[in-house]
Amino acid sequence: MAEQESHPTLIVADAGEFGGAALAALCQAIAGLEAPVIGLPTGQTPVPLYREMALQSFVFPPRTQLFAIDEYCTNDSQPGTNAAFFRRHLPTPGNPPTRTPRHDAANPDIEIAGFCREIAAAGGFDVAVLGIGMNGHIAFNEPGSGPTSACRVVTLSPETRVQVSREWDTAPTSGMTVGLAQILAARRLILLARGEAKSAILAAALEGPVSADVPASLLQNHPALTVVCDSGSSSRFRKDFRTQAQA
Ligand code: PGA
């Protein structure tokens, strides 16, 4: 049945193994690719993935291109920008820098348009690694973002500003994001989720109706979605969903 074929691959990792499981999923997704184009997330969730890369001295194939999937619009550069995040968390020798749109660009509309032209010129994402916001956002595609939403400047929702407030004295009010159109066009998607606090939104995203109200639910329609989660974030899945999706 078509419905079953579009089930994601679900990997539930123990807390201590989350980074290794995420890295294994990423390696599987890029296997055989000589010059993978990869979209990468920031936030608390992917930190164990990047830590695992550092631990394993992981090196991408030589012609890999890494792109952030979003960035804040701000003149304040430290420490909350995604550019600063990648400098802190993905400095592994031998890997290319992760490109980010310039957070302090004079014209963010032009900046994000140019950034997305670079992704397109690279052939689009082979793999996009994603986190999920407390409100179901994907990158900075906030609720209301549909599947054809393009790269653009967005106003950050109050929920998102609260979620990121640990990184900022005053969280920026806007950001630049790769659109859901570019994300859904990736050949493979890896969605990461950690912690009990994400369990309700993760279940809503993967088991609930597909709707722009929960942008992460649009991932349900992707033919190659792998979800790497932990026991906390997976605790509200229905049993039948778990059984059908478990890798
Ligand atoms: P978090 O953010 O990993 O810090 O929870 C995820 C996201 O908003 O994409």
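**Exercise 1. Follow the strand pairing, starting from β7 and β8.**

Step 1. Strands β7 and β8 (residues 174-177) are joined by 4 bridges and run antiparallel; helices (H or I, at least four residues) and strands (E, at least two) are DSSP runs, numbered from the N terminus. Two strands count as paired if DSSP finds at least two bridges between them.

Step 2. Within this pairing, Arg152 faces Thr177 in β8.

Step 3. Now widen the view: 3 strands make an open sheet in the order β4-β8-β7, with antiparallel pairing. Its edge strands are β4 (70-72) and β7 (152-155), each pairing on one side only.

A word on the source before going on: this is a predicted model, where local features need pLDDT of at least 70 and side-chain atom pairs count only at pLDDT 80 or more, while totals for chains, interfaces and linings use all residues. Residues are numbered from 1 along each chain as its sequence is written, and side-chain values use heavy atoms, with hydrogens and water left out.

**Exercise 2. Which residues touch the most other members of the largest nonpolar core?**

Step 1. Start with the term: a nonpolar core is a set of buried Ala, Val, Leu, Ile, Met, Phe, Trp, Tyr and Cys residues joined through side-chain atoms within 4.5 Å. Buried means under 20% relative accessible area, exposed over 50%, and partly exposed in between (1.4 Å probe, protein chains only).

Step 2. The largest core has 39 residues, and Phe125, Leu130 and Leu191 touch the most other members.

Step 3. Elements that each supply at least two residues include α5 (108-121), β6 (127-130), β9 (188-193) and β10 (225-230). The largest share, 5 residues, comes from α8.

Step 4. Look around Leu130: leaving aside neighbours within four places in sequence, its contacts (heavy atoms within 4.5 Å) include Pro41, Ile69, Ile138, Leu191 and Leu219.

**Exercise 3. How many aromatic pairs are there, and what do Tyr50 and Phe85 form?**

Step 1. Rings of Phe, Tyr and Trp (its six-membered ring) pair if their centres lie within 6.5 Å; planes under 30 degrees apart are stacked, over 60 edge-to-face, and the rest tilted. The count by this rule is 9 aromatic pairs.

Step 2. Tyr50 and Phe85 form an edge-to-face pair, with 5.9 Å from centre to centre and 70° between the planes. Tyr50 lies in helix α3 (residues 47-55) and Phe85 in helix α4 (residues 82-89), so this pair ties together parts 35 residues apart in sequence.

Step 3. Check burial: Tyr50 is buried at a relative accessible area of 1%, and Phe85 is buried at 5%.

Step 4. Ring pairs link Tyr50, Phe85 and Phe86 into a cluster. Phe85 and Phe86 are among the buried residues of α4, as are Asn82, Ala83 and Ala84. Their cover includes β2, α3, β3 (65-68), β4 and β5 (98-99).

**Exercise 4. Is Thr45 buried or exposed, and what is it in contact with?**

Step 1. Find Thr45 in the loop between β2 (37-40) and α3.

Step 2. Thr45 is buried, with a relative accessible area of 10%.

Step 3. Leaving aside neighbours within four places in sequence, Thr45 is in contact with Phe18, Leu192, Ala193, Arg194 and Lys198.

Step 4. Two of these partners also meet each other: the charged end of Arg194 sits over the ring of Phe18, 5.8 Å from its centre. The rule asks for NZ of Lys or CZ of Arg within 6 Å of the ring centre and within 35 degrees of the ring normal.
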